[in-house]
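Reader: I have a model open here and would like to go through it with you before I set anything up. Could we start at the ligand?

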Amino acid sequence: MSQSVQTLEGWYVLHDFRTIDWAAWKSLSADERGQIQEELFSLYSEWKTVEEKKEGSFGVFSVVGHKADLVFMHLRPTLEELQDVETSFNKTRFAEFTVPSYSYVSVVELSTYVHSDVNPDTDPYIQGRLKPVLPKTKHICFYPMNKRRSGNDNWYMLPMEERSSMMRSHGMIGRKYAGQVIQIISGSVGLDDWEWGVTLFADDPVTYKKLVYEMRFDEVSARYGDFGSFFVGNRLEEDQLKQLFAI
Ligand code: VOV
């Protein structure tokens, strides 16, 4: 049996994708739309307070393309708190005008392929990575992925050294994009349908394409990566949400 790698876990993550029922939304009076938005914005400010208190984090983005209209990304210390966030959104009137289109449940993960001597429970850098305040970049990119388990290409049968060396090469490519793309890798084995969620943050969406493309040539992605659907979106602050809702 190959040796499994130790992982560190942080906050739980929900990616909640919604499609807006525009026909129903447009049929409301301006007054009703206003009230519904007010209720949503009061929830939004609760999410902000949680983030300021470092008890979680969130981001709201529009999704480009037909797969969804919005994605709410939430992080919380426990799965119960994560579900509370989901449920309190579902109880808003605005939620009645949305249809869930996809969701993904995972937990922020750091693996220890790339070793360091620090104590992960106290090291501020590691703690900041495990319990991140989501970057306020203009764009988000999300996709789930697996490491392949087929025939001779079985990641999970490889010796630890081989996996570590491939992850080092992966990390070197990633490092070239420092300052341009921030990645949050969340593990979802036992939690959702794929093994990891990959969430990338950037101000220039072309850097997603360049980074993901460059990684496709790297062995760990070229030989062992299997990918789900990609979602790309634009950050929505309160003002932009208001613009989106305007008829
Ligand atoms: C923005 C760039 C970037 C950087 C710097 C980076 C670095 C690193 C390091 C140093 C490490 C190992 C330690 C850890 O932190 O866990 C990882 C780990 C991981 N990565 Fe990564 N990754 C990036 C980016 C990045 C991307 C774009 C992808 C998707 C792959 C692709 O082809 O589309 C990815 C995937 C992963 C995964 C699934 C893991 C866990 C693998 C496992 O088997 O456990 N990752 N990653």
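Author: A good place to begin is Tyr 143, where a polar side-chain atom lies 2.6 Å from an oxygen atom of the ligand, a polar contact being a pair of N or O atoms within 3.5 Å, and within protein one atom must be able to donate a hydrogen and the other to accept it, while residues adjacent in sequence count only if both atoms are side-chain atoms. Please keep in mind that this is a predicted model, in which local features need pLDDT of at least 70 and side-chain atom pairs count only at pLDDT 80 or more, whereas totals for chains, interfaces and linings use all residues. Residues are numbered from 1 along each chain as its sequence is written, and side-chain values use heavy atoms, with hydrogens and water left out.

Reader: Which other polar atoms lie 2.7 Å or 2.8 Å from an oxygen atom of the ligand?

Author: A backbone N or O atom of Ser 111 is 2.7 Å from a ligand oxygen, and an N or O atom in the side chain of Lys 147 is 2.8 Å from an oxygen atom of the ligand.

Reader: And how many residues surround the ligand?

Author: There are 25, and the closest are Ser 111, Tyr 143, Lys 147, His 170 and Ser 221; a residue is counted as near a molecule or strand if one of its heavy atoms lies within 4 Å of it.

Reader: Which elements supply at least two residues of that shell?

Author: They are β4, β5, α5, β8 (181–187), β9 (196–202) and α6 (206–216), and α5 gives the most, with 5 residues. Helices (H or I, at least four residues) and strands (E, at least two) are DSSP runs, numbered from the N terminus.

Reader: What is the protein donor of the iron atom?

Author: The only one is NE2 of His 170, at 2.0 Å. Donors are N, O and S atoms within 2.8 Å of the metal (3.2 Å for Na, K and Ca), and water is not among the atoms, so sites may look incomplete.

Reader: Where is His 170 placed, and what does His 170 touch?

Author: His 170 is in helix α5 (residues 160–175), and, not counting residues up to four places away in sequence, His 170 touches Met 215, Asp 218 and Val 220, where contact means heavy atoms within 4.5 Å. His 170 counts as partly exposed because its relative accessibility is 25%; buried means under 20% relative accessible area, exposed over 50%, and partly exposed in between (1.4 Å probe, protein chains only).

Reader: Back to Tyr 143, then: buried or exposed?

Author: Tyr 143 is buried, because its relative accessible area is 6%. Tyr 143 is found in strand β5 (residues 139–147), and beyond four places in sequence the residues that Tyr 143 touches include Trp 196, Val 198, Phe 227 and Phe 230.

Reader: What feature does UniProt place at Tyr 143?

Author: The unreviewed UniProt entry places "active site" there; positions are given in the numbering used here, feature names are shortened, and annotations may be inferred rather than shown by experiment. The unreviewed entry also places "binding site" at nine listed positions, among them Arg 129, Tyr 143, Met 145, His 170 and Ser 221. Those positions are spread over 93 residues of sequence and also in space, up to 22.5 Å between C-alpha atoms.

Reader: Where is Met 145 found, and what is Met 145 in contact with?

Author: Met 145 is found in strand β5 and, leaving aside neighbours within four places in sequence, is in contact with residues including Trp 194, Trp 196, Val 198 and Phe 227. Met 145 counts as buried because its relative accessibility is 12%.

Reader: Changing topic, which strands does β1 pair with?

Author: Strand β1 (residues 7–20) runs antiparallel to strand β4 (residues 98–111), with 12 bridges between them, and β1 also pairs in the antiparallel sense with strand β3 (residues 70–76) over 7 bridges. Two strands pair if DSSP finds at least two bridges between them. Leu 14 has Val 105 as bridge partner in β4, and Val 13 has Leu 75 as bridge partner in β3.

Reader: One last thing, what is phi of Lys 54 near?

Author: Phi of Lys 54 is near 60 degrees, which is a positive value in a residue other than glycine, and Lys 54 is placed in the loop between α2 (30–52) and β2 (57–63). Lys 54 is exposed, because its relative accessible area is 58%.
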